[in-house]
Amino acid sequence: MIQVKHLSKAYGDLLVVKDLSFNLVPGEILGFLGPNGAGKSTTMKMLTGFLTPTSGEISIWGHRLPEESLLAQSRIGYLPEGAPCYEEMTPAGFLAFIAEVRGYSGSDATAAVDRAIDTMSLGSVLHQKIETLSKGYKRRVGLAQAILHEPEILILDEPTDGLDPNQKHQVREMIKGLSKEKIVIISTHILEEVTAVCNRVMVLAAGRIVSDSTPADLLAKSSFRDAISLSFQGEQIPNEAVTLLGELNGVKNVMVTADSLVIFPSPGQVNLLADIYESARAHGWQLSSIHVEKGRLDDVFRSLTEGVAA
């Protein structure tokens, strides 16, 4: 497992990570969420041994950092922010180099490289210089080097940044497929990635942990939980809709957004959906969608991180 105790990192007088403690076990996919400057990337760099903590302890499968960095790093696959690679090399040459660095040789090296190439669908660009590749393909080369040695721990900083929707789906499915026997840590600013991939979410703000829970528990904290959203056909929300829906029994209040109405039920109200639909039908409103909200992560994210003192 990964054990972190009272981890802190300071640059001069600036304390950017403040007393973090947590454990991770195989099967967990942890999503690191937080605004810019929250300490996510700094924490990841300390977990990989790239940065030395100012104070605190890190243990990776029983190997303490920084004393046993090489033993710990042999178990880790790491994709840094921006997926840096040697851009003058080709993906084929770069991955062969990574295989050699990881201790592979001969047919074992060939098999490891081929497996990574196949997983990240890099066959069409193997012999182009990395500097000529799109941002998405560069990200895939970075992911390929991270998984090449089949590590027990994957630490991925913004793994789907720059990928198209199909590529994002492929990467997310790969991560979920690995998770049963591995630990995966993902830093992301894409909130949908948390619900799509992660089974644990840690929210950081100003270097501290402000929440550590499952995605479902996080969504349950949303003020939009169990609210009902209506979208109307055409561009206009009917003028009378806000007033009439606000007067229904069990409605606490109505919010107008850019393209929908959100109706918030009073506490304990459970049968509001049918009443709202019947009201829309009776007044001839043409709905394009109506659904009960599970909650909104952006809403919870703001409530947890806004106003946290740096």
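Here are some notes on this predicted model, working from the overall chain down to its sheets, helices and cores.

1. Overall picture. The chain runs to 310 residues, and 47% of them count as buried. Its secondary structure comes to eleven helices and 14 strands. If you want a feel for the extent, the C-alpha atoms fill a box of roughly 75 × 45 × 35 Å along the principal axes. Taking contacts with a separation of 6 or more, 67% are between residues 24 or more positions apart.

2. The sheet with β1. Four strands make up an open sheet here, ordered β2-β1-β4-β5 and paired antiparallel. The edges belong to β2 (14-24) and β5 (63-65); each has a single partner strand, so one side of each has no neighbour in the sheet. From one strand to the next, the twist averages 25 degrees.

3. A closer look at β4 and β5. Strand β4 (residues 55-60) runs antiparallel to β5, and three bridges join the two. For a specific pair to click on, try isoleucine 60, which stands opposite histidine 63 in β5. Ile60 also turns up in one of the nonpolar cores, a set of 27 residues covered in point 8.

4. Helix over that sheet. Helix α1 (residues 40-47) lies across β1 (2-11), β2, β4 and β5. The angle between α1 and β1 is about 120 degrees.

5. The sheet with β11. Another open sheet of four strands has the order β12-β13-β11-β14, again with antiparallel pairing. At its edges are β12 (251-256) and β14 (287-292), each pairing on one side only. Here the twist averages 15 degrees from one strand to the next. Within this sheet, β11 (residues 228-232) and β14 run antiparallel and are joined by five bridges. One residue pair to check is serine 231, whose bridge partner in β14 is serine 289.

6. Helices on the β11 sheet. Helix α9 (residues 239-246) packs on this sheet and touches β11, β12 and β13 (261-265), with its direction at about 160 degrees to that of β12. Helix α10 (residues 272-282) lies across β11, β12, β13 and β14, and runs at about 165 degrees to β14.

7. The α5/α6 pair. Which way do helices α5 and α6 run relative to each other, roughly parallel or roughly antiparallel? Helix α5 (residues 135-147) packs with helix α6 (residues 165-178) at an angle of about 10 degrees, the axes being 12 Å apart. With angles under 35 degrees counting as roughly parallel, α5 and α6 are therefore roughly parallel to each other. On the α5 side the residues are Gly136, Arg140, Leu143 and Ile147, and they meet Gln167, Gln170, Val171 and Met174 in α6. By type, the contact has four nonpolar residues, three polar and one charged.

8. The nonpolar cores. The largest core has 45 residues, and those with the most contacts inside it are Leu95, Met120, Leu122 and Ile175. Apart from this core lies another, of 27 residues, including Ile60, Ala72, Ile183 and Ile185. As background, nonpolar side chains tend to be buried together in soluble globular proteins.

9. Methionine 120. What does this residue contact, leaving aside neighbours within four places in sequence? Methionine 120 is in contact with Arg140, Leu143, Ala144, Ile147, Gln170, Val171 and Met174. Among these, Arg140, Leu143 and Ile147 belong to the α5 side of the helix contact in point 7, while Gln170, Val171 and Met174 belong to the α6 side.

Conventions: Residues numbered from 1 in each chain as written. Predicted model: local features only at pLDDT ≥ 70, side-chain atom pairs only at ≥ 80, totals over all residues. Heavy atoms only, no water. Core = buried A, V, L, I, M, F, W, Y, C linked by side-chain atoms within 4.5 Å. Buried < 20%, exposed > 50% of the residue type's maximum accessible area, 1.4 Å probe, protein only. Contact = heavy atoms within 4.5 Å. Axes fitted to C-alpha atoms, helices over the stretch in contact; angles between N-to-C directions. Parallel < 35°, antiparallel > 145°, perpendicular 65-115°, else oblique. Nonpolar A, V, L, I, M, F, W, Y, C, P; charged D, E, K, R; others polar. Pairing = 2+ DSSP bridges.
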